Amino acid sequence: MAVHRRRFNTLLAGATGAAALGRLETLAAQPRATARADFYANVGPKLLRYRVADDVASLTEIGEPLVLPEEIQEAWSRGSFLYVATSDAHTAKVPRNHYLHALAVDSSGALKPVAGPVRLRYRPIYITVDPRGEHLLCAYNDPSSVTVHRLNADGSIGAEVVQAATLDAGVYAHQIRFMPSGRAVIVPARGNEAMPGGREEDRGALKIFGYENGQLVNRQSVAPNGGHDFRCRHVEFHSSGRFAYVVIEAQNELHTYRIVDDRLSAEPVFVTSTLAASTRSKPGQAASAIRMHPNGRTLYVANRGRGKETFRGEEVISEGMANSIAVFAVNPDTGEPRLIQSADPQSLDVRMFALHPDGRSLVATSHESEGPIQRRVGNDIEVVPPRIVLFRVEADGRLTFRYRQDVRADGAFLLWCGAVAY
């Protein structure tokens, strides 16, 4: 009997997951020691490829960048495909060009477009693929909304799936992720801070939708304190599937929620600062990306300090701003995260970082498009260019800086980086 390639991949993934079932019969993700993967990072519309040395001591850029129409916003790797969202939202006075791209990953790790790009109505801010590889889901911040597209047998992106239900995506959707069961989707709707003398606060909420065969239905809205000061940005899950970790952006907090039957606890069971004890949240300070180590014992969150001051007649990043990658040890029974390190990312405004599938290395990239940024260091001013930075992940999850490389941005944003296996 012939088995369709997509169906075979699904069966293989299921078999691999079954083999990883622990004594508690929960899916336990594990680092893949022999995994081959390279890191890709964007500079505007370019995708640059980097390979980690075997001793995790350096990064080497591989080949020529792949250039896509418009600036890369986000990407999602699944199997032998990388799906990429692009937009001219930052580069055009009247943005109108927003796309989804399907890229095939060959046996060497190189990328090749599959069919042509699919045009979207709005700027895509985050994308993901369902566990069976049948649909691609996309979140949009303005207007706050989500769409579902079919994925064809060859990996290309098909038609949009018209939704039967009217979906409540809150204000400023910032991410879309599948819950661990694969039967529900969560969208952190960040809202917006109030502007003194201007707009009122747009309150944040976590929106959970049931999912079946490409159709979404409203299931739950979680908004502690009515969503006030609840700038929920990104979510990550414990490998047991029992806990969700939510980055609260402007408040520099990490909220831990229990998951039961694809629903979250109404309130967080733990609220943890992402900042070191000696640092407090202040204007210009924000938390961004979050990643769980494949072994489920360590969680990472990026802190971005962008608040500025005038020093010696120059506008510079204030000395008190925290730019770090917070490292949390996670209690496997309670899910509680405990801050064990605030690693220096050797750069400013880290928006995105990624872990290698083997769990041995982490790569982080800067965000700003304005090129080298000045920051105050005591009585001096330091110029910090955009960078890609490599860390070794130690046995206890802590990070050791290994290598950094300046990146020529030429005014373009660095918005995404990720590991692509091959």
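The following legends describe an overview and several close-up views of a predicted model.

In this predicted model, local features require a pLDDT of at least 70 and side-chain atom pairs count only at pLDDT 80 or more, whereas totals for chains, interfaces and linings use all residues. Residues are numbered from 1 along each chain as its sequence is written, and side-chain values use heavy atoms, with hydrogens and water left out.

**Figure 1. Overview of the chain, with one helix and 35 strands.**
Helices (H or I, at least four residues) and strands (E, at least two) are DSSP runs, numbered from the N terminus. The radius of gyration of the chain is 21 Å, close to the 22 Å that the globule rule gives for 422 residues, so the chain is as compact as a globular protein of that length. This radius is taken over C-alpha atoms, and the globule rule is 2.2 Å times the number of residues to the power 0.38. Along the principal axes, the C-alpha atoms fill a box of roughly 75 × 50 × 50 Å. Of the 422 residues, 54% are buried; buried means under 20% relative accessible area, exposed over 50%, and partly exposed in between (1.4 Å probe, protein chains only). The chain exposes about 18,400 Å², of which carbon and sulfur atoms supply 49%. Accessible areas come from the Shrake-Rupley method with a 1.4 Å probe, and for residues only the protein chains shown count as cover. Among contacts (heavy atoms within 4.5 Å) with a separation of 6 or more, 54% are accounted for by residues 24 or more positions apart.

**Figure 2. Close-up of cysteines C138 and C417, both without a disulfide partner.**
A disulfide is a pair of cysteine sulfur atoms within 2.5 Å, and a search of the whole structure finds zero. For C138, the closest cysteine sulfur is that of C232, at 18 Å, which is too far for a bond. For C417, the closest cysteine sulfur is that of C138, at 19 Å, again too far for a bond. C138 is buried, with a relative accessible area of 0%, and C417 is likewise buried, at 1% relative accessibility.

**Figure 3. Close-up of S145 in strand 12 (residues 144–151).**
S145 counts as buried, at 17% relative accessibility. A polar atom of the S145 side chain lies 2.9 Å from the backbone oxygen of P143. A polar contact is a pair of N or O atoms within 3.5 Å; within protein, one must be able to donate a hydrogen and the other to accept it, and residues adjacent in sequence count only if both atoms are side-chain atoms. Beyond the neighbours within four places in sequence, S145 is in contact with Y122, C138, A139, Y140, A169 and A173.

**Figure 4. Close-up of the salt bridge between D168 and K207.**
A salt bridge is a side-chain nitrogen of Lys or Arg within 4 Å of a carboxyl oxygen of Asp or Glu, and 22 are found in the whole structure. Side chains of opposite charge can pair when their charged atoms come close. In the D168 and K207 pair, the N to O distance is 2.8 Å. D168 lies in the loop between strand 13 (157–160) and strand 14 (177–178) and K207 in strand 16 (residues 205–212), so the pair ties together parts that are 39 residues apart in sequence. D168 is partly exposed, at 38% relative accessibility, whereas K207 is buried, at 9%.

**Figure 5. Close-up of N218 in strand 17, beside D168.**
At 43% relative accessibility, N218 is partly exposed. The N218 side chain reaches the backbone oxygen of T166 at 2.9 Å, and a polar atom of that side chain lies 3.0 Å from the backbone nitrogen of D168. Leaving aside neighbours within four places in sequence, N218 is in contact with T166, L167, D168, I208 and F209. N218 and K207 are eleven residues apart in sequence, with their C-alpha atoms 7.8 Å apart.

**Figure 6. Close-up of further salt bridges, including E236 with R177 and E201 with R231.**
The closest N and O atoms of E236 and R177 are 3.3 Å apart. This pair links distant parts of the chain, with E236 in strand 18 (residues 232–237) and R177 in strand 14, 59 residues apart. Both E236 and R177 are buried. In the salt bridge between E201 and R231, the closest N and O atoms are 2.9 Å apart. E201 lies in the loop between strand 15 (184–189) and strand 16 and R231 in the loop between strand 17 (215–222) and strand 18, so the pair ties together parts that are 30 residues apart in sequence. R231 is buried, at 1% relative accessibility. Elsewhere, a network of salt bridges links D38, R49 and R51.
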